[in-house]
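Me: I've got a protein chain open on my screen and I'd like to talk it through. Can we go question by question?

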Amino acid sequence: MIERETNVESDEDGMRLALAEAARARDAGEVPVGAIITLGGRVVGTGFNQPIASVDPTAHAEVVALRTAARALSNYRLTGTHLYVTVEPCLMCVGAMIHARVARVIFGALEPRAGALVSSAQAHETPGLNHRLEVTGGVLEGECRRVMQDFFASRR
C-alpha cells in the first residue's frame, strides 16, 4: 500500500507507484492496471483494476483512484491533480477524469483497441467539453507494456 505522504518528484516516480498498484491487480487475478493521483506532488489517491472481485464494471484503476482521492480531499472536484496510469485510459475513465477536473493524465503503454486519449479516440478533445486534460503518454512505456504482455502470456 502506498503511503499518502509519498512524494512524487517526476513522472517516472509517479509511474513506478502506478506500476506497484498494477502488481496488486495482477496478484488479485485482475488485469494489471494501476493508477495513482497526486496533488502538489503528494499522493492523494490510489487504485488498481478490480472489476472482477468487486463485481463492478466501473472499478477500473483510474475510477478507483478518483474515488479514493475524492474521499481523501473531501471533494469530488480534483482540480490541480495529476493522474498516473500504466495503460492508456478507456472512454469511461477519460470521462470520469474530465468530470473530476483532473488537470493532467500521464500514462505508460498505449491501448490500441480501447485507448481514448491517443489510440482509438481523443475523447478529451471532444467539442463542448467544459474541461480539458493535459496528456503525457509513454512514461516507462516498456515496463508498463511488459506487465500487460506477461499477464496475458501467462493466461494462454
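Me: Of the contacts in the protein chain with a separation of 6 or more, what percentage comes from residues 24 or more positions apart?
Reply: Keep in mind that this is a predicted model. Here we count contacts with a separation of 6 or more, and then pick out the pairs 24 or more positions apart. Those pairs account for 57%.

Me: What pattern does the protein chain follow along the sequence?
Reply: Start with the parts: there are five helices and five strands. Put them in sequence order and you get α-β-β-α-α-β-α-β-β-α.

Me: How does the radius of gyration fit a globular protein of 156 residues?
Reply: The globule rule gives 15 Å for 156 residues. The chain comes out at 14 Å, which is close to that, so it is as compact as a globular protein of that length. As for its extent, the C-alpha trace spans about 45 × 35 × 30 Å along its principal axes. The radius of gyration you asked about is 14 Å.

Me: How do helix 1 and helix 5 run, roughly parallel or roughly antiparallel?
Reply: Helix 1 covers residues 11–27 and helix 5 covers residues 141–155, and their axes come within 11 Å. These axes cross at roughly 5°. Angles under 35 degrees count as roughly parallel. That makes helix 1, relative to helix 5, roughly parallel.

Me: Which residues of helix 5 make that contact with helix 1?
Reply: On the helix 1 side you'll find Met 15, Leu 19 and Arg 26. Taking both sides together, the residues divide into five nonpolar, no polar and two charged. The helix 5 side is Glu 143, Cys 144, Val 147 and Phe 151.

Me: Is Val 55 buried or exposed?
Reply: Val 55 sits in the loop between helix 2 and helix 3. Its phi is near 50°, a positive value in a residue other than glycine. The cut-off for exposed is over 50% relative accessible area. At 70% relative accessibility, Val 55 counts as exposed.

Me: And Arg 101, is that buried or exposed?
Reply: Arg 101 is in the loop between helix 4 and strand 4, and its phi is also positive, near 70°. Buried means under 20% relative accessible area. With a value of 17%, Arg 101 is buried.

Me: Which residues does Ala 70 touch, leaving out those up to four places away in sequence?
Reply: Look for Ala 70 in helix 3, residues 61–73. Skipping its sequence neighbours up to four places away, its contacts are Asn 75, Tyr 76 and Leu 78.

How values were computed:
Residues numbered from 1 in each chain as written. Predicted model: local features only at pLDDT ≥ 70, side-chain atom pairs only at ≥ 80, totals over all residues. Heavy atoms only, no water. Axes fitted to C-alpha atoms, helices over the stretch in contact; angles between N-to-C directions. Helix = DSSP H or I, 4+ residues; strand = E, 2+ residues; numbered from the N terminus. Parallel < 35°, antiparallel > 145°, perpendicular 65-115°, else oblique. Contact = heavy atoms within 4.5 Å. Nonpolar A, V, L, I, M, F, W, Y, C, P; charged D, E, K, R; others polar. Rg over C-alpha atoms; globule rule 2.2 N^0.38 Å. Buried < 20%, exposed > 50% of the residue type's maximum accessible area, 1.4 Å probe, protein only.
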